[in-house]
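Biologist: I am new to this structure and would like to be guided through it. Could we proceed by question and answer?

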Amino acid sequence: MHLECPEERLGRAPCGGASAAAPRAAAGVPRARGQASLEEPPDGAPAGRAGGPGAGRRSNESEVYDDGTNTFFWERETDALLSGGVAPELVALLDILRAHTLTVLFILTCVLGYVTLLEETPRDTAYNTKRGIVASILVFLCFGVTQAKDGPFSRPHPAYWRFWLCVSVVYELFLIFILFQTVQDGRQFLKYVDPRLGVPLPERDYGGNCLIYDPDNKTDPFHNVWDKLDGFVPAHFIGWYLKTLMIRDWWMCTIVSVVFEFLEYSLEHQLPNFSECWWDHWIMDVLVCNGLGIYCGMKTLEWLSLKTYKWQGLWNIPTYKGKMKRIAFQFTPYSWVRFEWKPASSLRRWLAVCGIVLVFLLAELNTFYLKFVLWLPPEHCLVLLRLVFFVNVGGVAMREIYDFMDDPKPHRSWASSLAVAPSLSRSCSSWSSMNPQTLTLSPAFYISQCWTLGSVLALTWTVWRFFLRDITLSQGDPAAEAAEQGRRQCGRRCGRAWAPAWAGRLLGALRGRGRGAASTIEN
């Protein structure tokens, strides 16, 4: 009986022999314009998956039909052109022209020349400082929009996602600047942005009277319920609708929603706004606002996964109604990938999902702590702009993370992911350094016990599921014993030290290969 080696199962070279898997030919010939075919989606699909309806697609990826004319504007086909024999100098020139670098440079030169030569400089120092900072940021954004690297999304336009990537850099620089200020200087700096800021926020009591029906109030016995229905109700619904579109998984969204309510219970001694009634936590927040937002988001995801992605150039559509419909669909995804996180399938995926949940919880906490420390009203435009920023950059980051988990290749783009993580960490550093008194307020002892117990249970389940479970199930199983014997013989033939299967999975997870990707440990 031939005992299969782990390398042979993975399609690699067998122990002591040459690889039996034939190398795949790279398909990089550019497609002629106007040819109707299944096009490789530009937003994140791996190379070599076109070539016919359904050929080479992932099981969770939609089919895309494109006549080849609607992606010409700004589309960079550098790899295809180089593989087709086009000179690298011509490819570089096409990149510059299609990104409109010269057009943007000409417009910026004209605007700056007008300001320098024809406009009289005001004598207001504060006004000149504001205008200089804004002009510097705009020049950087124009440079980034034309020169930054494309991400996994291409609709409504690659420049849109490049813009938000550059905004993330500006936001990171702002957080670094705030990090070196005192809390008084930080609040005073925001007064330059808006003179109405820098004023202490009024305290609102959400958890004072928790009676749903107040019999003492004859005119309106449900006044406590109506008092809680403020601007946070639609904000919760819209926020969780957008988070569902980002995460694309009902269980993960529900876990984040429920765990955040426990965080509000645990941190209400630091943030007074977290002190709410029980029915405000679990009925209005979790069930009504968050639950309805998650439900509508899942219905939208279902529609997007069933939608037909067939694209035509605008001038190839004969009717005006069809042209208007095509313009409207430009603001929808070019293709769709259904996220299948499968956290229990491997240690690597489990740790990734846990990290995603922690990042979302940290982003939620950052919003409340920054408002509390810097005296930002919840309805201020800066708070709204920050949320819009994280929705756009976070959506791209989630797609990048999922693509890496599904296909870990080194050529993947990590720009948005690397922009979100430092921004969150810098936000925590900013409000914790400016107001350490709030952060050092210790919670009640029973709250610390609950979080410690939860962490121990999660760690125990992780060890059992990914290390001890297979050892328990393999005892007395002839197939498992034969596989273990095969691993030992393979280790002896290859000159390697044999190790248990769980040790190989741990090593494979640390190397980024996933569960079962390595069953032997090299000497």
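The exchange below takes up confidence, overall make-up, annotated spans, a surface patch and salt bridges.

Biologist: Which element of the protein has the highest confidence, and what is its mean?

Modeller: This is a predicted model, and the protein averages a pLDDT of 76, with 71% of the residues scoring at least 70. Confidence is lowest in strand E1 (residues 37-38), at a mean of 32. At the other end of the scale stands helix H10 (residues 250-267), at 94.

Biologist: Over residues 1-55, how many contacts beyond four places in sequence does the model have?

Modeller: In residues 1-55, pLDDT stays under 50. Where pLDDT is low, the predicted coordinates should not be read in detail. With that caution, the number of such contacts in the model is 113.

Biologist: How many helices and strands does the protein have?

Modeller: The protein has 523 residues, of which 38% count as buried. Its secondary structure comprises 19 helices and five strands.

Biologist: How far apart are the end C-alpha atoms of residues 350-370?

Modeller: An unreviewed UniProt entry lists several spans as "transmembrane region", among them residues 160-180 and 350-370. Residues 160-180 are 95% helix, and their end C-alpha atoms lie 31 Å apart. Residues 350-370 are 100% helix, and the corresponding distance is 30 Å.

Biologist: Which helix gives the most to the nonpolar patch on the surface?

Modeller: The patch includes Tyr-213, Trp-226, Trp-278 and Leu-287, and its residues together have about 910 Å² of accessible area. Leu-287 counts as exposed because its relative accessibility is 58%, above the 50% cut-off. The place of Leu-287 is in the helix that gives the most to the patch, with four residues: helix H11.

Biologist: How many residues apart in sequence are the parts that Arg-131 and Glu-119 tie together?

Modeller: The side chains of Arg-131 and Glu-119 meet in a salt bridge, at 2.6 Å from N to O. Arg-131 lies in helix H5, whereas Glu-119 is in the loop between helix H4 and H5, so the separation of the parts they tie together is twelve residues.

Biologist: Is Asp-194 buried or exposed?

Modeller: Asp-194 forms a salt bridge with Arg-196, with the closest N and O atoms 2.9 Å apart. Arg-196 counts as exposed, at 65% relative accessibility. Asp-194 has a relative accessible area of 9%, and because the cut-off is 20%, Asp-194 is buried.

Biologist: Which residues are joined into one network by salt bridges that share partners?

Modeller: Lys-342 forms a salt bridge with Glu-340, the closest N and O atoms being 3.8 Å apart. Through shared partners, salt bridges make one network of Arg-338, Glu-340 and Lys-342.

Terms used:
Residues are numbered from 1 along each chain as its sequence is written. This is a predicted model: local features need pLDDT of at least 70, side-chain atom pairs count only at pLDDT 80 or more; totals for chains, interfaces and linings use all residues. Side-chain values use heavy atoms; hydrogens and water are left out. Patches are made of residues with over 30% relative accessible area and no salt bridge: like charges are joined within 9 Å, nonpolar side chains (Val, Leu, Ile, Met, Phe, Trp, Tyr) within 5 Å. Accessible areas come from the Shrake-Rupley method with a 1.4 Å probe; for residues, only the protein chains shown count as cover. A salt bridge is a side-chain nitrogen of Lys or Arg within 4 Å of a carboxyl oxygen of Asp or Glu. Helices (H or I, at least four residues) and strands (E, at least two) are DSSP runs, numbered from the N terminus. Buried means under 20% relative accessible area, exposed over 50%, partly exposed in between (1.4 Å probe, protein chains only). UniProt positions are given in the numbering used here, feature names are shortened, and annotations may be inferred rather than shown by experiment. pLDDT is the predictor's confidence in each residue, from 0 to 100. Contact means heavy atoms within 4.5 Å.
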